[in-house]
Amino acid sequence: MKRTIMVTIIVVLGAIGIATSWRRFATAAVPPGAEQVVHITAKRFEYTPSEITLKKGVPVILELTALDRDHGFKVPEFGIRADLKPGEVARVRIVPDHTGRFEFRCDVFCGDGHEDMAGEIVVVD
Ligand SMILES: [Cu+2]
């Protein structure tokens, strides 16, 4: 009985560890120094900069920081989303494969101006 409890605890802790490290991997597994980095900050209810221009086919790393509370960052056209938490840097890699203007927006409810919290990625040739 004691042994079963111990095994259960170990399995649960292991699962938590895997989930935690996978989450870190999903948002930060980018080799540093290789690609251009674009910094974006988020606060109620804006991103700075609110517009970024990227070149088609050139990969960049977006480094996102929340300044005041939890926010989200979602770019549906590129299949990208991240959770932004104060004190943490979320990294996402983007390879813009088509030109145009693509909206990014906050998808974590953050208050009265949440619906308007958005910006644009402009991809040029
Ligand atoms: Cu929001």
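Strands here are DSSP runs of at least two residues, labelled E and numbered from the N terminus. With that convention in hand, the predicted model can be walked through from its overall layout to a pair of residues around strand E8.

The protein has nine strands and one helix. Reading from the N terminus, the order of elements is α-β-β-β-β-β-β-β-β-β. Of the 125 residues in the protein, 18% are buried. Contacts that reach far along the chain are well represented: among those between residues at least 6 apart in sequence, 64% join residues at least 24 apart.

Confidence deserves a word before the details. The average pLDDT is 84, and 74% of the residues score at least 70. Residues 8-13 fall below 50, and this stretch has zero contacts in the model beyond near neighbours in sequence. Residues 20-30 also stay under 50, although here the model has eight contacts beyond four places in sequence. Where pLDDT is low, the predicted coordinates should not be read in detail.

Turning to the interior, the largest nonpolar core has 19 residues. Those with the most contacts inside this core are Ala42, Leu64, Phe73, Ala82 and Leu84. Two or more residues each come from strand E4 (60-66), strand E5 (71-75), strand E6 (80-84), strand E7 (89-94) and E9. Leu64 gives a good view of how the core is joined: leaving aside neighbours within four places in sequence, Leu64 is in contact with Ile40, Ala42, Phe73, Ala82, Leu84 and Ala90.

Strand E8 contains Arg105. This residue has 19 other C-beta atoms within 10 Å, and because burial requires 20 or more, Arg105 is partly exposed. Beyond four places in sequence, Arg105 touches Lys74, Met117 and Ala118. The C-alpha atoms of Arg105 and Val75 lie 6.9 Å apart, with their positions 30 residues apart in sequence.

Past the end of E8, the chain enters a loop. Val108 sits in this loop, between strand E8 (100-105) and strand E9 (118-124). Val108 has 19 C-beta neighbours inside 10 Å and therefore counts as partly exposed. Its contacts, not counting residues up to four places away in sequence, are Asp70, His71, Gly72 and Asp83. Lys74, a contact of Arg105, is 34 residues from Val108 along the chain, and the C-alpha atoms of Val108 and Lys74 are separated by 9.6 Å.

Notes
Residues are numbered from 1 along each chain as its sequence is written. This is a predicted model: local features need pLDDT of at least 70, side-chain atom pairs count only at pLDDT 80 or more; totals for chains, interfaces and linings use all residues. Helices (H or I, at least four residues) and strands (E, at least two) are DSSP runs, numbered from the N terminus. A residue is buried if 20 or more other C-beta atoms lie within 10 Å of its own, exposed if 12 or fewer, and partly exposed in between; C-beta atoms are placed from the backbone. Two residues are in contact if their C-beta atoms, placed from the backbone, lie within 7 Å. pLDDT is the predictor's confidence in each residue, from 0 to 100. A nonpolar core is a set of buried Ala, Val, Leu, Ile, Met, Phe, Trp, Tyr and Cys residues joined through C-beta atoms within 7 Å.
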